[in-house]
Each structure stands twice: as structure tokens, then as C-alpha cells.
Amino acid sequence: MARDLWKHLVLIIGAIIVLAPFYMMVSYSFKSPGEIDRGEGGFFGRQELMVDERCVKLRDPNRDEIAAVAAQYPGKTDRQIREEIMAVAETECSMRPVVFNYSKAFVEAPLLRYLLNGIIVTVSIFAIQVLVALPAAYALAKLKFWGRDAVFGLVLFCLLIPVHAIALPLYIMLAKLGLTNTYAALVVPWTISVFGIFLMRQFFMTVPDDLIDAARMDGMSEFAIVWRVMLPTAVPALLAFAIFSIVAHWNDYFWPRIVVTGSRDLFTPPLGLREFKGDADGSFFGPMMATATIIVTPLIVAFLIAQRRFIEGITLSGMK
Amino acid sequence: MGVVEIDPSVTPARERNRQARTAWGLTAPALALMFLILLVPVVIAALLSFTNYSLGNSGFEWVGTKNYDRLFTRSTYEKMFIATFTYVVTVVPISVALGLGAALLVNALGRIGDIYKTIYFLPVMATLLAMAIVWEFMLHPTIGMVNQTFELACGTVLERIPFFANGCAEGFPLWLGDRDYAIWVICFIGIWQGFGFNMVLYLAGLTSVHRELYHAAEMDGAKSAWERFRLVTWPALGPTTVFVVTISCIRAFQVFDTVEAFWPQGGGPNKSTYVMMFAIFEKGVQQNLIGIGSAITMLFLIFVMFLTLIQRWLVERKVHY
Amino acid sequence: MAGLSITSVTKRFGDTEVLKGVTLDVGDAEFVSLVGPSGCGKSTLLRIIAGLEDVTSGDVSIGGRSVTGTRAADRDLSMVFQSYALYPHLTVGENIAVPLRMRSLSPLQRLPLLGGFMPGSREKRIEINSAVREAADMLEIGALLDRKPGQLSGGQRQRVALGRALVRDPAAFLLDEPLSNLDAKLRVQTRAEIAQLHRRLNTTFIYVTHDQVEAMTMSDRIAVMMDGEILQCAAPDIIYEDPNDIRVAEFIGSPKINILPSEIQAGTLSLFGKPIAKPSLQTQPGLFQLGLRPEALRLTAKDPILSGRVAHVENLGSELFAQIALEGEPIRVTLRASPSDRHHLKLQAQVGLTFTLEDALIFDANGKRHRRAEVFAPRSVEVA
């Protein structure tokens with residue numbers, strides 16, 4: 001028991017360092033700018049009503065606007081009218097910090113759009129990866145044709161080329177085709193997953209030939225065999241590969257940063273966050289942390305629920 | 001009686017042709033994409049690295065090895081190499097060692113250890129850019145949590161340590177703004193983000209170690225944890241280690257997110273964090289100097305290919321029982 | 001080189017009691033087998049002796065010294081594992097050297113490169129190398145010293161495991177089903193070699209197996225274990241001819257002993273209602289079980305005690321085993337016959353069997369051997 005104690009101690013210190021930024025991120029997303037600056041308020045912040053300065057400034061009336069409503073404030077000078085309007089504005093622009101942070105996150109930038117883009121991009125990438133890789137893997141694993149070894153050799157060679165490494169020439173090619181700032185640019189370079197082909201081939205090689213021969217005798221075309229016979233056998237590997245792919249592409253910053261330069265509409269979540277950071281002045285740190293929390297949370301929650309599959313996936317991708 | 005013997009291992013010619021045609025059909029998309037997305041760009045990068053091309057120009061000139069000369073002589077690129085290699089040489093050994101250590105500890109604790117496994121894997125899952133921004137704030141010289149925590153040590157016994165003594169007197173380092181510390185901060189964040197992945201790989205490797213070997217080691221007189229590690233665990237993890245190190249190296253070479261998030265222009269104080277991927281981005285995309293960007297790309301590819309080939313060779317040869 | 005004592009050892013895993021107060025004394029240089037069916041606790045007992053498991057209660061002593069609290073590495077024992085447990089990254093020679101390196105070289109001397117330069121390490125290494133050579137030659141694997149376990153056959157790996165165990169000359173050898181992974185022919189050959197090894201080394205061997213043939217052929221004494229208890233521990237011939245318990249009688253001996261229900265009433269022992277003997281010593285009446293080994297039964301035409309039809313015959317060449325379905329009873333008995341009786345033992349042939357009363361083993365209804373009932377008056381009753 002005592003020997004276990006020091007193991008726990010070391011691991012706990014490690015856990016504190018590992019969790020510190022998560023803690024801070026969520027905590028800051030609850031706090032008001034003042035609390036963030038001064039580093040106070042515990043985890044949740046005191047949630048005292050704070051005033052949204054921008055909201056207030058927006059409602060700051062100019063001369064014409066004061067004149068327009070002067071009738072409602074009989075007997076008051078312009079200055080007094082303005083003060084009253086501002087006082088009302090302050091009350092109405094007051095809210096709890098957590099509400100401020102999270103609502104600003106969605107208002108200041110089209111966060112929902114970013115999240116949607118994230119989903120579109122990751123799902124498209126995975127779907128096309130499967131469409132491309134599975135038939136190829138089947139052909140390499142089970143069909144006999146004279147170029148088979150050459151094709152597999154090519155696959156092995158391409159495993160040496162990380163896509164990030166050739167980002168620049170890909171970017172040039174896309175620019176020449178006028179395809180930068182499109183979903184195609186975000187998705188297409190990732191549609192070929194040599195690793196996926198490799199992994200699926202390994203799995204398919206373990207499927208008994210008899211199963212395939214039986215399907216052929218039933219009249220199935222090879223194409224149908226891929227989807228009706230081979231796919232069901234490889235579901236665990238496919239699941240693991242899905243997790244690996246979706247996580248990698250949801251979190252990818254480098255490639256979107258290169259190909260999406262113009263419209264915000266195409267921003268993936270990391271890009272959205274980055275832009276937020278770029279614009280932000282000090283008081284927007286809270287909303288920025290709220291954005292970060294929203295971006296990070298889906299994968300974390302999914303991970304906590306399906307932990308074993310996740311880790312299986314990463315391990316599978318590891319132990320080729 | 002003519003009984004025809006059918007040898008199932010010999011496919012008749014008609015069947016062979018049919019399979020061949022289908023196979024080519026099935027692999028065609030993959031082949032096309034491999035060619036277009038992986039191979040052609042390498043060739044293009046190779047070619048362009050010998051030119052002074054910029055996007056938008058109608059033509060370009062061949063400049064021979066001028067780009068490569070620049071890479072090996074200009075001080076900016078010297079800093080690029082230094083930054084990149086410092087990062088790789090720091091992050092890889094430490095994150096591999098931490099991954100191994102965490103795996104050993106977690107493995108020894110059984111089911112309770114699963115909690116730590118989950119915690120340590122969180123940074124791997126979380127969007128690095130988001131966490132980098134959080135770290136940036138935590139490392140703020142005055143209002144960041146890190147320096148504020150260090151301040152707590154002022155006036156206590158810890159002030160004896162030179163680091164704290166200086167910090168309490170003159171103020172703790174500026175971290176990201178400090179050219180001596182910036183690269184180490186990047187390394188730290190890289191290790192923070194990556195060691196959980198290595199831990200998971202090592203945990204998988206540990207499950208394949210035969211338990212009886214530990215009993216044999218005990219009977220043979222191996223009494224301490226260190227001896228058991230040396231005699232049984234470490235050798236059994238050979239293939240895993242090769243893999244973990246290779247993957248960590250390749251990921252380390254590709255560091256970009258943190259650098260670009262913290263210093264969108266310039267590559268850090270005094271270019272101390274001017275890593276290769278950032279240089280490619282800055283030169284090739286932002287400054288539209290495709291020639292030199294391609295040259296850096298080629299060098300990068302060579303490093304990565306080299307690493308992967310070494311891994312393959314090692315796995316084939318040395319680590320094979 | 002020492003004797004071993006296991007005193008009232010109990011082992012519990014959670015709620016299950018795997019060993020129930022086991023006591024065993026092993027003499028110096030004795031070869032004792034622990035035999036029993038799967039799950040009887042023999043491997044657990046061996047691991048307790050080795051120190052790889054703790055006792056729940058009880059004591060283990062080696063050479064008179066209690067080692068119950070001592071860890072395995074300090075007990076001066078060697079073990080051969082069922083899976084051999086060879087270090088895959090070391091050569092055969094290095095594998096065999098491990099116990100010596102661990103014990104006679106200090107940690108500094110064991111360092112990969114620098115260790116060789118430490119004072120005293122050169123002499124020790126030479127000593128170790130010659131001990132390894134000797135062990136390897138004894139087991140005829142001298143030519144394999146530079147190979148790795150992955151390049152060896154099962155039989156060769158087993159010898160390396162043996163080599164690693166005997167290189168150190170420990171107080172006792174523990175062997176956990178070492179032959180179970182070998183094919184039949186190799187098993188027979190290695191059996192003899194291990195027995196020879198024992199004679200040559202003159203050290204205590206404790207041998208765990210589920211194969212009673214191995215136990216019978218190799219041991220000085222056999223300890224038959226079932227359900228966590230040692231039913232009987234004695235020399236092979238005594239175990240075979242004079243078992244204490246019906247379970248021992250049934251486990252040892254191939255083919256299995258025939259057990260026939262019998263009764264003692266009014267001083268007469270009867271079998272299937274037919275009186276066959278009068279026990280001369282006072283015996284409580286009741287139901288008993290009569291055990292007869294296949295070789296105790298004989299074919300007879302005249303005055304058979306049992307009769308029935310031949311249901312199945314196994315001709316092994318040197319002998320025949322026939323299963324006879326008894327008339328009027330749902331029981332088959334196995335008979336050992338010589339090849340010359342072949343023509344009497346055609347399938348469905350009617351045969352008569354007899355036996356000598358002295359060959360009978362009588363067990364009470366609980367399975368305990370009831371030797372009192374086996375003493376018969378010199379004059380036996382006429383058999384009807």
C-alpha cells in the first residue's frame with residue numbers, strides 16, 4: 001500500500017499540471033474581465049452582475065437622439081437626459097459574467113457556423129476516406145492482379161509523406177485552380193488516407209476467402225462484396241479509424257490556416273478561435289475562453305463516453 | 001472416367017482477368033488521389049525549389065541552387081534549424097520518457113490507474129490552438145497564473161533557490177516575450193500535449209509483456225523494480241519504443257500551432273522559435289516566396305522520410321526476435 | 001541441498017479455499033511429484049513453495065529454516081515454468097547466465113559496458129561462463145549458446161529453461177508441468193532425462209504434473225492432490241497397490257480401476273447380491289465399493305464371479321483391454337488380457353470373469369479404504 005502511495009503522489013502532481021489549463025480555461029469562461037485581470041473569484045467566479053461596456057457604449061445617445069426623445073424627459077437638460085438613458089442602459093446591459101461570456105462567444109463571431117463547418121469538414125473527410133480506402137484495401141488484400149505488389153509498394157512509399165509536409169505545393173495547386181477558400185480545399189487533400197488503406201488491408205487479409213467465394217457464387221459483384229461483406233467485418237477498425245480521423249481534422253489548424261484566408265464563413269473552429277484572439281482586447285478574454293471551451297468540449301465529452309474505443313483507435317493507428 | 005481435378009489455388013485465366021479488371025477499378029480512385037495529392041506535389045516542390053516563383057506571376061526563372069544556398073548560409077535559416085532541432089531534441093526524449101514513466105505507474109495501479117490515463121490523454125484530444133491560448137494567458141508576466149503562483153513562493157524558504165531569488169527580486173521571466181525562454185515554453189507545451197499519446201502506446205505495449213517473465217526474473221534473483229525493468233520490461237518494449245520515438249519525432253518536426261498563435265509575425269523573440277513549418281508558412285504563403293518555401297519543404301520531407309525509413313529498418317532488423 | 005517442509009498451509013483466493021491445510025515433508029534429494037486433476041491446487045502449492053504466492057496461513061521451511069516471510073529471490077530455489085519463460089532478447093547462454101549474474105555480480109558489475117571494467121568482474125565473468133558451459137553440456141545444448149529462444153524448437157527451449165534452473169545449484173528444483181507443451185514422443189524421452197538429471201544432481205526435485213504416468217515413472221514419492229488436499233503421499237508402488245482413498249485409486253492407473261458396488265451383511269461380503277467372501281475381522285455391515293484393477297481380473301470358463309458380454313476391445317499389441325458389459329447391471333468392467341486370449345474376446349462374446357480376493361481393494365461408502373474388510377478367513381466360501 002505504502003509503495004502505491006508515492007506512485008499516486010507523482011501521478012497526482014502530473015495530473016495537476018496536465019489539468020491546469022483546462023481548469024483555467026473553463027474558469028475564465030465563467031468570470032468577468034475584472035476577475036480575470038485580478039485572478040480572483042475561485043473556480044466559478046463570484047457571478048456578480050457585470051456591465052457589458054460595449055452594450056452600454058452602443059446605447060450612448062448622441063445629440064440628435066437626445067433631441068428625439070427629449071419629450072419623454074420634461075424639464076431635464078441634455079446632460080441629465082443622457083445620464084438617465086445611460087443609467088437605464090447600464091442596468092439593462094448588466095448580466096452575469098457567464099452569460100456575457102458565452103453569449104458574446106456566439107454573437108461576436110459566427111461560432112455556430114464554425115462548429116457547423118467543423119462537422120461538415122470532418123464528416124466529409126472521413127466519408128470520402130472510407131469510400132476511397134476500402135475498395136483499394138480489398139483489392140490489395142483479396143484480389144489477384146499483376147500490379148498488386150507495385151500498388152502496395154506505392155502505398156508504403158506514400159506513408160512516408162505527411163500531408164502537412166507538402167502543404168505548400170498543394171496550396172499552389174489549389175490556388176492555380178482557384179479553389180482556395182472553398183470546402184473542397186479543406187477536404188480534398190485529406191481524402192487519401194494511405195494509413196487507412198494500410199490498416200484496412202491488414203484487417204481484410206484476416207477475412208476467410210471462403211466467405212468471399214460464397215458471396216461471389218451468390219452473384220455479388222466485387223464492388224458489392226466490399227460494402228456488404230468486408231465492411232461489416234472491419235467495423236471495430238473502422239470505428240477506431242473514424243475517431244482518429246475526426247479528432248485529427250477537427251483540431252487541425254495548419255492546413256485551414258493556409259487555404260482559408262478570405263471569408264469567415266469557411267472558418268473551422270480553430271480558425272474561428274484564432275480570429276477571435278486576433279481582434280480581442282483585454283476585456284474579451286472571457287468570451288474567448290468560452291469559445292475555446294465550446295470548441296474543445298465535444299471531443300472531450302465524446303472521449304469520456306467512449307474512452308476505450310478512442311484509445312483503441314489511437315493504439316491501432318500506432319501499432320501498425 | 002474423366003474426373004477433373006480442380007486445384008483451388010489456381011485461378012482460371014478468365015477469373016484472373018475479371019479480378020484484375022475489377023481490382024484496377026477499385027484501386028483507381030486511391031491511385032489517382034495518391035498520385036495527385038501526394039506524389040505530384042513532391043515533384044512540384046522539388047522543381048519549384050530551384051526557381052524564384054511567386055503566385056500571381058506569369059512566369060519564373062530557374063535560379064539553380066540559390067535557394068538552398070540561402071538556407072545554409074543566412075542567419076535567419078540558421079535560427080530556423082536551431083529552433084526546429086532544439087524543439088525536436090528536447091520534446092522527443094522528454095515526452096517519450098514521461099510517456100513511459102506514466103505508463104509504468106498507471107499500469108502498476110490497476111483499475112484506479114484508469115483515471116490518470118484519462119486525465120493524461122485529455123491534452124491529446126483537446127484542440128491545441130485553444131489550449132495554447134489558455135497557456136499564453138497563464139504565462140502572462142503579471143496577471144498570468146504561473147507567475148502569480150511563483151510569487152507565492154516569495155518570502156518563504158523556496159526563495160533560496162536562485163530562480164525564485166531572482167524572480168522575487170527582479171520579477172519572474174516574461175516567458176513568451178523572453179528570447180531565452182520562449183523556445184522552452186514551446187517545448188513545454190509540446191511535451192504537455194504529446195506525452196499522453198506516448199503513454200497510451202506504451203500501455204498497449206506493456207500488455208504484451210508475458211507475466212511469467214516477471215516470475216522467472218524473481219526466481220533468478222531480480223529483486224528491485226529497476227532490475228525487473230531492465231531484464232523484462234524494457235527489452236519487451238523495444239518495438240514500441242522505436243515506434244513511439246519515430247512518431248514523436250515526426251510530430252515534433254511538424255510543430256506549428258503554438259508558434260503561429262503566439263507570434264503571428266516573425267517567429268518569436270529574436271526568431272528563437274522560428275520553426276520549419278512556420279518558415280514554410282511565412283515564406284511560402286504569407287510572403288509568397290515560393291522558391292525558398294519549396295526548398296524548406298524539400299528539406300523537411302527529407303528529414304521525415306529519413307526518420308521513417310530508419311524506423312522501418314530498425315523494426316525489420318534489430319528489434320525482431 | 002536440503003529438505004523441505006510444508007506445514008498446514010492454507011490458501012484462500014477471495015472466498016475460495018484453494019489449499020486446505022496441506023502438510024508435506026520432502027526429504028533431501030528426494031523426487032516428489034504433486035499430481036492431481038486441474039484445479040486441485042498443485043500449481044498453487046508449488047508457487048507457494050517458490051515464494052511467488054503468499055500463504056493465507058501455515059508455514060514453509062527449507063532446510064529446517066522457515067521461509068514463509070521470505071521473498072522468492074531469497075529462498076535459494078530454482079523453478080522451471082510451464083511456458084519456460086525464457087528472456088526473448090537474450091541468447092541461450094545469456095539466459096542461462098542470468099541467475100548467476102544476478103547473484104554473484106554486484107549492480108555496478110552488471111552495467112552493460114562499464115561493468116566489464118569494474119574490479120573483480122573479470123574473474124567472476126569467467127566463472128559464470130564456465131558454469132554456463134557446464135550446464136549447457138549436461139543438457140546437450142552447448143551448440144545453441146548463441147541462438148535466441150525464438151530460433152529454437154519447443155524441446156530445445158525446455159532444455160534452456162532446465163539449464164537456467166540448474167546452473168545455480170539451488171536447495172531444491174521446482175518444476176511446473178515442464179513436459180506438457182511437448183509432443184508425446186519427446187515427452188517420453190525427456191521424462192527419462194529428467195529422472196537421470198535428478199540422480200546426477202542429487203538435489204530435491206518437486207515436480208507438478210497432471211499426468212500420472214510421469215509421476216509414477218519419475219518419483220521417489222507421489223503426493224496425490226484433490227480439491228486442495230493431499231490424499232496420500234507415498235512411493236509409487238504403494239500409491240498403486242495400497243491407496244488410502246478411492247479417488248487415489250481411480251486417478252492412478254491406466255486404464256482406470258474397476259469399482260463395483262458391494263455389500264457386507266451378516267458377516268458376508270457380496271457382490272451384486274452374490275456372496276463371495278467372509279471377512280475374518282469384525283466389520284460394520286453396510287454398502288462398500290470393491291476396487292479391482294484390470295489386471296486383477298481373469299477370464300474363466302468355470303465358476304465365474306462375474307459374467308457379461310464383450311462390448312469393446314482395444315488391442316495394443318502387447319496386451320488387450322476389453323470392456324465387458326456385466327449381465328443384468330449397467331456396469332462395464334475393464335479387463336486386461338494377453339494377446340493369446342484374442343479369440344475369446346470377440347465382440348458380443350459371452351465371457352466369465354474371476355479374481356483373487358487378495359487383489360481386491362475395498363472402500364467404504366465415503367471412499368475411504370477399509371483394510372479390515374480385506375482380511376479373509378483362509379477357507380473362502382464356495383462360490384455359487
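How many helices and how many strands are there in chain B?

## Secondary structure of chain B

The model is predicted. Chain B holds 14 helices and zero strands. Read from the N terminus on, the order of its elements is α-α-α-α-α-α-α-α-α-α-α-α-α-α.

## Dimensions and packing

The radius of gyration of chain B is 26 Å, whereas a compact globule of 321 residues would have one near 20 Å. Measured out along the principal axes, a span of about 105 × 75 × 30 Å is computed for the C-alpha trace of chain B.

Buried residues make up 44% of the 321 residues of chain B. Among contacts in chain B with a separation of 6 or more, 69% join residues that are 24 or more positions apart.

## Contact between chains B and C

Chain B contributes 14 residues to its contact with chain C, and chain C contributes 19 residues. On the side of chain B that touches chain C, two or more residues come from each of helix H9 (211-219) and helix H10 (225-236) of chain B. H9(B) gives the most to this side, with six residues.

Sorted by class, the side of chain B that touches chain C has seven nonpolar residues, three polar residues and four charged residues.

## Summary

Chain B is built from 14 helices with zero strands, and its radius of gyration is 26 Å against the value near 20 Å for a compact globule of 321 residues. Where chain B touches chain C, H9(B) gives the most residues to the side of chain B.

Conventions. Residues numbered from 1 in each chain as written. Chains lettered and ligands numbered in written order. Predicted model: local features only at pLDDT ≥ 70, side-chain atom pairs only at ≥ 80, totals over all residues. Contact = placed C-beta atoms within 7 Å. Helix = DSSP H or I, 4+ residues; strand = E, 2+ residues; numbered from the N terminus. Nonpolar A, V, L, I, M, F, W, Y, C, P; charged D, E, K, R; others polar. Rg over C-alpha atoms; globule rule 2.2 N^0.38 Å. Buried ≥ 20, exposed ≤ 12 C-beta atoms within 10 Å, placed from the backbone.
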